[in-house]
Amino acid sequence: MIIPATSAKAAADPVVFMEGGPGGDAIGAIPFLIASHVNRDRDLIVMTQRGALHSRPNLACPEIDRFNATAVGLPYDAPSTGRGLVRAAKECRDRLTAEGIDLTAYNTTENAADFAALRNALGIKRWNVYGYSYGTDLGLTYLRRHPQGIRSLAIDSVVPPQIVSLPWAWDSAQEGINAIFAACEAQPACHARYPDLSRTLTEQVRRLEANPLTLTVPPPGGGTPVKVVLDGGTLVNLLVADGRPVPSADVPAALYELAAGNPERLARAQAAGATPAVGEFAHGLTHSVACAEWVPGHSKRDVLTAGRRAFPGWPDSVLAHAPQLPFEHDLCRAWNVPDRTAVQRIATHSDVPALIVSGTFDAKTGASWGPYAGRTLPRSTAVVVPGITHWVVPQEPCAASVLLSFLARPTAPDTGCVAGVVPKPFTLIP
């Protein structure tokens, strides 16, 4: 899709968007991009990535969607839960391969080549690239392998291709969660109401892992109540999840309510997972990329070691699973795609102007990884926006204005507004 610029005189160099995931719906992101005025001065080009919704073939896995819907009522890290997930993934893989789909063709190298081919097909001399989350991994790979025609690169919530792995996810979780706790401590009312959040979280992770809670609650939007299980792994992943089922401003309140015997806020957040959009997310692309590019080279022991380093005192049963990708080693054995780390786990060195945007509350791609990626991008500008989670630009008008400034002047963007951004006040319970 091409969304025209809203200004009367559009610049000649459009913006091409790279969706996250891997496996997210790029077309579904268009309203957020328009609301952030990404197409104010330039046409906006949005292409579905290979395997994602609206592509042919589509690597959706309704089998995994349906399993995830039931998993809200299962212990997060129980071996039986892992077997169910792997079984669903294998069913999806078997179906896709029976249809003649070559899963080895779904990787970041081929994905980047698609965007190079798109620019040529559209006859565009130069364009600007904007990606978030996995789209930054893709954008950096694209810049490294196909630098021709790239005027600028903007990356938001950064996944550096040379470092992304399952153990890496624990570093990001620690950084994002600790940033929320530090922001609460910096607000006198929050600090007075919720002292020592780190200790409270550790206590609750340990307590729930030893004695999980089973509740029946309605989903956040209402409807038929569903069974949910809250154990230590569930709690951690509610704090890390993309789009955070528990908003950042509510995290301290939710933890203290839980400690006081009221798990309702967290249970309802977990219940949201009981009604997924079946067949929309391309899990097949997710695992084809993750199993080829992120998982190889690091053992289960490496994941546990990284978890222990990030959160000492937490149970090993929680720390053995990378946040958001539980049982991925087991799943990857069933998914069975070849190791591509030798061609993918490489830093991008480039003089193309780059904007790097991170949010301090991002527990999926920690804020420090933005400047880290910038070490090999000498003409880059890195901004870290306080109090924002994953995918910064749609959440914070200042970040959107920085992006537009960068697109206008890639070597001299106006970042002045960032200094005035402060985290929103936290929710205070009586």
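Proline 22 lies in the loop between strand 2 and helix 1 (30–35). In this predicted model, the peptide bond that joins glycine 21 to proline 22 is cis, with omega about -10°. A cis peptide bond also joins arginine 56 and proline 57, where omega is about -5°. Proline 57 is placed in the loop between strand 3 (44–46) and helix 2.

**Backbone with positive phi**

Most residues other than glycine have a negative phi, and most peptide bonds are trans. Against that background, serine 133 has a positive phi of about 55° although it is not a glycine. Serine 133 belongs to strand 4, and its relative accessible area of 8% is under 20%, so the residue counts as buried. Phenylalanine 327, likewise not a glycine, has a positive phi of about 60°. The position of phenylalanine 327 is in the loop between helix 14 (316–319) and helix 15. With a relative accessible area of 10%, phenylalanine 327 is buried. Glycine 100, just after helix 3, takes a positive phi of about 90°.

**Helix 3**

Helix 3 (residues 79–98) comprises 20 residues. From its first C-alpha to its last, helix 3 reaches 28 Å, close to the 28 Å expected at 1.5 Å a residue. Its buried residues are Thr81, Gly82, Gly84, Leu85, Val86, Ala88, Ala89, Cys92, Arg93 and Leu96. The elements that cover these buried residues include helix 2 (62–71) and helix 15.

**Aromatic rings**

A pair of aromatic rings is described by the distance of the centres and the angle of the planes. The count for this structure is 13 aromatic pairs. One of them is the stacked pair of phenylalanine 17 and tyrosine 132, at 6.2 Å centre to centre and with 20° between the planes. This pair links distant parts of the chain, since phenylalanine 17 is in strand 2 (residues 15–18) and tyrosine 132 is in strand 4 (residues 127–133), 115 residues apart. Phenylalanine 17 is buried at 0% relative accessibility, and tyrosine 132 is buried at 8%.

The pair of tryptophan 369 and tyrosine 372 is edge-to-face, because the ring centres are 5.1 Å apart and the planes stand at 80°, an angle over 60 degrees. Both residues lie in helix 17 (residues 369–374), three residues apart, about one turn of the helix. Tryptophan 369 is buried at 13% relative accessibility, whereas tyrosine 372 is partly exposed at 22%.

Phenylalanine 17 and tyrosine 132 also belong to one aromatic cluster, together with Phe32, Tyr130 and Trp391. A ring and a charge come together at tyrosine 106: the charged end of arginine 50 sits over this ring, 5.9 Å from its centre.

**Disulfides**

A disulfide is a covalent bond between the sulfur atoms of two cysteines. The whole structure contains four disulfides. With bonded cysteines counted along the chain, the pattern is 1-2, 3-4, 5-6, 7-8. Three of the links, among the four found, are set out below.

| Disulfide | S to S distance | Torsion about the S-S bond | Handedness |
|---|---|---|---|
| Cysteine 184 – cysteine 190 | 2.0 Å | -100° | left-handed |
| Cysteine 291 – cysteine 332 | 2.0 Å | about -80° | left-handed |
| Cysteine 398 – cysteine 417 | 2.0 Å | about 85° | right-handed |

In the link of cysteine 184 and cysteine 190, cysteine 184 is buried at 0% relative accessibility, and cysteine 190 is buried at 1%.

The disulfide that joins cysteine 291 to cysteine 332 has its sulfur atoms 2.0 Å apart. Because the torsion about its S-S bond is about -80°, this disulfide is left-handed. It links distant parts of the chain: cysteine 291 is in helix 12 (residues 283–294) and cysteine 332 is in helix 15 (residues 328–335), 41 residues apart. Cysteine 291 is buried, with a relative accessible area of 5%, and cysteine 332 is buried at 12%.

The disulfide of cysteine 398 and cysteine 417 is right-handed, because the torsion about the S-S bond is about 85°. Cysteine 398 is in helix 18 (residues 397–408) and cysteine 417 is in the segment after helix 18, so that the pair links parts of the chain 19 residues apart. Cysteine 398 is buried at 7% relative accessibility, whereas cysteine 417 is partly exposed, with a relative accessible area of 30%.

Technical notes:
Residues numbered from 1 in each chain as written. Predicted model: local features only at pLDDT ≥ 70, side-chain atom pairs only at ≥ 80, totals over all residues. Heavy atoms only, no water. Phe/Tyr/Trp six-rings, centres within 6.5 Å; stacked < 30°, edge-to-face > 60°. Helix = DSSP H or I, 4+ residues; strand = E, 2+ residues; numbered from the N terminus. Buried < 20%, exposed > 50% of the residue type's maximum accessible area, 1.4 Å probe, protein only. Lys NZ or Arg CZ within 6 Å of the ring centre and 35° of its normal. Disulfide = S-S within 2.5 Å. Expected span 1.5 Å × (residues − 1). Contact = heavy atoms within 4.5 Å.
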